[in-house]
Amino acid sequence: MNKLGMDVSHWQAVIDWKKAKSAGIDFAFIKATQGADIVDARFVQNWSNSQIVGVPRGAYHFYDPRIDPIAQAKHFLRVVPRSGEMPHVLDAEALKTTVPTRIPANYANSLRIFLEIVEQTTGVRPIIYTAWSFWTTNCLNATWARQYPLWIANYNYAAPMCPIPWGGDGWTFWQFTDRGPGLTYGVQSKQIDLDVWRC
């Protein structure tokens, strides 16, 4: 059975989590950290308020390829030392800056280091969030990634396209739109990311 979820950060400002749950949100991924020193401004409130109303949640880290993966993992785990009801997530999509980010040659290996530290510390295997084009361009030979659940961003399709090594329909979570009706789900912004959990 598929479940409906949303992923949020400070960009959504104040969220009415009770309304989100009553509108059919079954789970949420909440931004916790970025790089080695940034904590999302709304993380504490979102993490607490979603739990109060009974929305299962997981925390995600926005990965910065310019920063040491060990430092990033330690920072993330200082902020979120244990998983929520959902596993932790590594967001692999580079930085959205006006200056193009240079992806290092060992980028895929740095992701692996981060993931292994988080799994060893929490005892829960993390999820990888990415898009087909980004992963195919930067991590094509990372066959080890198959052991991690895939959360794929893929819009305007009846079913998502998954990169190697997952391939085919190897996704567990699917971010199917970034234009969900925010007000319907208690979000002040007009649009929101919505996700499916195939469970």
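Which residue follows H4, and is its phi positive or negative? I looked it up in this predicted model: Gly-123 comes right after H4, and its phi is positive, near 80°.

**Helix H4**

Next I checked the length of H4, which covers residues 107-122. With 16 residues at 1.5 Å a residue, I expected a span of 22 Å. The C-alpha atoms at its ends sit 23 Å apart, so the two agree.

Then I went through H4 for buried residues and wrote down Tyr-107, Ala-108, Ser-110, Leu-111, Phe-114, Leu-115 and Val-118. They take up an arc of only 165° around the axis, so they lie on the same side of H4. The spacing fits a rule I keep handy: an α-helix has 3.6 residues a turn, so residues three or four places apart point the same way.

What do these buried residues pack against? I found strands E4 (57-62), E5 (89-91) and E6 (127-131), plus helices H3 (69-79) and H5 (132-138).

**Strand E7**

I moved on to E7, residues 150-153. Are its faces covered or open? Both are covered: Leu-150 and Ile-152 are buried on one side, Trp-151 and Ala-153 on the other.

I also traced its partners. E6 and E7 run parallel and are joined by four bridges; in one pairing, Ile-128 has Leu-150 of E7 as its bridge partner. Following the chain from E6 through H5 to E7, I noted a right-handed β-α-β crossover.

E7 also runs parallel to E8 (residues 173-181), with three bridges joining them. There I saw Trp-151 standing opposite Phe-173 of E8.

Technical notes: Residues numbered from 1 in each chain as written. Predicted model: local features only at pLDDT ≥ 70, side-chain atom pairs only at ≥ 80, totals over all residues. Heavy atoms only, no water. Helix = DSSP H or I, 4+ residues; strand = E, 2+ residues; numbered from the N terminus. Expected span 1.5 Å × (residues − 1). Buried < 20%, exposed > 50% of the residue type's maximum accessible area, 1.4 Å probe, protein only. Arc of directions from axis to C-beta. Contact = heavy atoms within 4.5 Å. Pairing = 2+ DSSP bridges. Right-handed = clockwise from strand over helix to strand, strands pointing away.
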